[in-house]
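Please examine the chain below, with attention to its charged side chains, its strands and its nonpolar interior. The explanation that follows proceeds through these topics in turn.

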Amino acid sequence: MLVAGAVALTAAATACAADFRSVGDMAAILYDAPSIKAKKRFILGRGYPVEVVVSVEGWTKIRDAGGELAWIENKNLNERRTVLVKPALADVRASADDKAPLVFQAEQNVVLDLNDLSGTGWARVTHRDGQSGYIKINQVWGI
């Protein structure tokens, strides 16, 4: 009985895991319904991370970092994972350690490519200028 409960909890946690994507190489218009005839809500820049809520034929309902829900055409989504910096300034270090040398600092709302999750509360990221390092996952949105 205990094993069945553990399996059920694991399945539930997997089912609740967020699915993130990013806006493709061009900025994308977001709509209030899954149609180009719907009301245009706002535009997201290239690489911006989004959480997938639901997908229907040719369209995906997404949530942005601010919690806003909108529809985006699937052709404007990318499988590449990115994250968005949440605090005013976040440290990116040479390794997944608070005492590791500082590689660079990323300002709030900067988009970073997500390379890997360390499983220790850190993510390996790369800035568009090529610098890479580790950032605490509680300092980014999109994981």
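Asp-19 counts as partly exposed because its relative accessibility, 34%, lies between the limits of 20% and 50%. In this predicted model, the side chain of Asp-19 forms a salt bridge with that of Arg-21, with an N to O distance of 3.4 Å. The pair belongs to a network of salt bridges that links Asp-19, Arg-21 and Glu-79. The count of salt bridges comes to eight.

Another of these contacts brings together the side chains of Lys-75 and Glu-73, at 4.0 Å from N to O. Are the two partners buried or exposed? Lys-75 has a relative accessibility of 67% and is therefore exposed, the threshold being over 50%. Glu-73, at 19%, falls under the 20% limit and so counts as buried.

A further salt bridge joins Lys-136 and Asp-98, with 2.9 Å between N and O. This pair connects distant parts of the chain, the two residues being 38 residues apart. Lys-136 lies in strand β13, residues 132-136, whereas Asp-98 occupies the loop between β9 (89-93) and β10 (102-107). Lys-136 is partly exposed, with a relative accessible area of 28%, and Asp-98 is likewise classed as partly exposed, at 46%.

Strand β13 also leads to the pairing of strands. It runs antiparallel to β12 (residues 122-126), and five bridges join the two. Within this pairing, Thr-126 has Ser-132 in β13 as its bridge partner. The two strands form a hairpin with five residues between them, and in the turn Gly-130 adopts a positive phi of about 105°.

The nonpolar interior may be considered next. In soluble globular proteins, nonpolar side chains tend to be buried together. The largest nonpolar core here consists of twelve residues, among them Val-83, Phe-104, Leu-112, Val-125, Ile-135 and Val-140. Strands β8 (82-85), β9, β10, β11 (111-117) and β12 each supply at least two residues of this core. A second, separate core contains eleven residues, including Ala-28, Tyr-48, Ile-62 and Ile-72.

Val-83 illustrates the surroundings of one member of the largest core. Leaving aside residues up to four places away in sequence, Val-83 touches Leu-112, Leu-114, Val-125 and Val-140, among others. These four residues are also members of the largest core. The contacts of Val-83 further include Pro-49, Val-110, Val-111, Trp-141, Gly-142 and Ile-143.

Notes
Residues are numbered from 1 along each chain as its sequence is written. This is a predicted model: local features need pLDDT of at least 70, side-chain atom pairs count only at pLDDT 80 or more; totals for chains, interfaces and linings use all residues. Side-chain values use heavy atoms; hydrogens and water are left out. Buried means under 20% relative accessible area, exposed over 50%, partly exposed in between (1.4 Å probe, protein chains only). Helices (H or I, at least four residues) and strands (E, at least two) are DSSP runs, numbered from the N terminus. Two strands pair if DSSP finds at least two bridges between them. A nonpolar core is a set of buried Ala, Val, Leu, Ile, Met, Phe, Trp, Tyr and Cys residues joined through side-chain atoms within 4.5 Å. Contact means heavy atoms within 4.5 Å.
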